[in-house]
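Let's take a walk through this fold, a stop at a time. Have the viewer open and follow along.

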Amino acid sequence: PIQQLAEHSTFEEIVFLLWNGRLPSKEELASLEDELKGNREVPVAIWDLARSLPKDAVPMETLRTAVSALSAFDSARDDTSQEASRLKAMQLVAKTPTVIAGMYRISQGKDPVPSNHSLTVAADFLHMLNGEIPTDIAAKSLDVGLILHAEHELNASTFAGRVIAATASDMYSSITGALGALKGPLHGGANMAAIEMLQEIGSPDAAEKYVMEKLERRELIFGFGHAVYKTTDPRAAFLKVMSERLSSESGNTNYYDISVIMEDLLMREKGLNANVDFYSASVYWDLGIPISLFSPIFAMSR
């Protein structure tokens, strides 16, 4: 059950689980962790590419471009054997956090921060993004976010990736296509829209008026309802706890308080539950992650 995995597991364990259909032994987990840590670095040419792009390029676009470009550095890119495919998958999982953090820093006029191989995927991403070791609760919160977003059956981006794979194309093409689908505001971009909505509301006192006016105009409210979950989205329930914990630690519960009011209102008025995008937005905000990186982090996990 996702509640058990989110509480007791790690993202690295989930990678093994999705690749092998079972959780790893301690030895298998240690081996995978070492393999991922040893493959986090990206070719210097990727940073040169990042510096050649416009500073205002959307991070999902720069990520999509970088993943496509990485294929040029893989001599086995057209080898679709199981072992070669596993190696490509491992490389992509290892390098994606490095690419997202490094390309963002370059867009801000900063240099990429080298990976710290003593850290987990989640902790090292925050380290490479901010240039400092994150707190334990920050690293754990992002790790939970990665676990909860890692897999969700045949969603739009997974479907797009599978269509490309079914043509016997290479894995980089499949993932590049999947990133294109994930970028849309009706899919991976929904958590960005959710935090922008919270910013627009501004304070808990304005939440009810905002929601009711949206409903009267029959406008979309991001972060609610789901094609699969007609009751509670278990991922959202766990992220809600993380959001409350992080906001309490920071001393600013404003967005969490707005979120709770909105959740209660939409359940009362429309019978809609919050989905994973809604509370992941406030969690990532509380972690100090730029809004433009919300969707790339979704991609990083998946």
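Leaving aside its neighbours within four places in sequence, which residues is Thr 176 in contact with? Keep in mind as you look that this is a predicted model. With those neighbours set aside, Thr 176 touches Arg 64, Val 67 and Ser 68. You'll find Thr 176 itself in helix H10, which covers residues 171-182. Its relative accessibility is 17%, and the cut-off for buried is under 20%, so Thr 176 counts as buried. There's also a polar partner within the helix: a polar atom of the Thr 176 side chain sits 2.7 Å from the backbone oxygen of Tyr 172.

Tyr 172 is a good bridge to the next stop, since it also takes part in the packing of H10 against helix H6. H6 spans residues 82-107, and its axis runs 10 Å from that of H10, at an angle of about 40°. That angle is neither under 35 degrees nor in the 65 to 115 range, so H6 and H10 are oblique to each other. From H6 come Ser 85, Lys 88, Ala 89 and Leu 92, and they meet Met 171, Tyr 172 and Ile 175 of H10. Sorted by class, this contact has five nonpolar residues, one polar and one charged.

Just ahead of H10, have a look at Ala 168, in the loop between helix H9 (156-165) and H10. Its phi is near 70°, a positive value in a residue other than glycine. Ala 168 is exposed, because its relative accessible area is 62%. Arg 218 tells a similar kind of story: it isn't a glycine, yet it has a positive phi of about 55°. This one is in the loop between helix H12 (207-216) and H13. With a relative accessible area of 79%, Arg 218 is exposed too.

Now move on to H13 (residues 234-250) and helix H14 (residues 254-270). Their axes come within 10 Å and cross at roughly 150°. Anything over 145 degrees counts as roughly antiparallel, and therefore H13 and H14 are roughly antiparallel to each other. H13 brings Lys 240, Ser 243, Glu 244 and Ser 247 to the contact, while H14 brings Tyr 256, Val 260 and Glu 263. By class, that contact splits into two nonpolar, two polar and three charged residues.

Last stop: the aromatics. The count comes to four aromatic pairs. One of them is Tyr 284 with Phe 294, whose rings are 5.6 Å apart centre to centre with 70° between the planes, an edge-to-face arrangement. The pair links distant parts of the chain, with Tyr 284 in helix H15 (residues 276-286) and Phe 294 in helix H16 (residues 294-301), ten residues apart. Are these two buried or exposed? Both Tyr 284 and Phe 294 are buried; for Tyr 284 the relative accessible area is 1%.

What else does Tyr 284 touch, leaving aside its neighbours within four places in sequence? Besides Phe 294, its contacts are Leu 142, Gly 145, His 149, Asn 191, Ile 289 and Ile 297. There's a long-range partner to check as well: the C-alpha atoms of Tyr 284 and Ile 195 are 9.2 Å apart, though 89 residues separate them along the chain. Before you close the viewer, pick out Phe 224, Phe 278 and Tyr 279, which form one aromatic cluster.

Terms used. Residues numbered from 1 in each chain as written. Predicted model: local features only at pLDDT ≥ 70, side-chain atom pairs only at ≥ 80, totals over all residues. Heavy atoms only, no water. Axes fitted to C-alpha atoms, helices over the stretch in contact; angles between N-to-C directions. Helix = DSSP H or I, 4+ residues; strand = E, 2+ residues; numbered from the N terminus. Contact = heavy atoms within 4.5 Å. Nonpolar A, V, L, I, M, F, W, Y, C, P; charged D, E, K, R; others polar. Phe/Tyr/Trp six-rings, centres within 6.5 Å; stacked < 30°, edge-to-face > 60°. Buried < 20%, exposed > 50% of the residue type's maximum accessible area, 1.4 Å probe, protein only. Polar contact = N/O pair within 3.5 Å; in protein donor to acceptor, adjacent residues only side chain to side chain.
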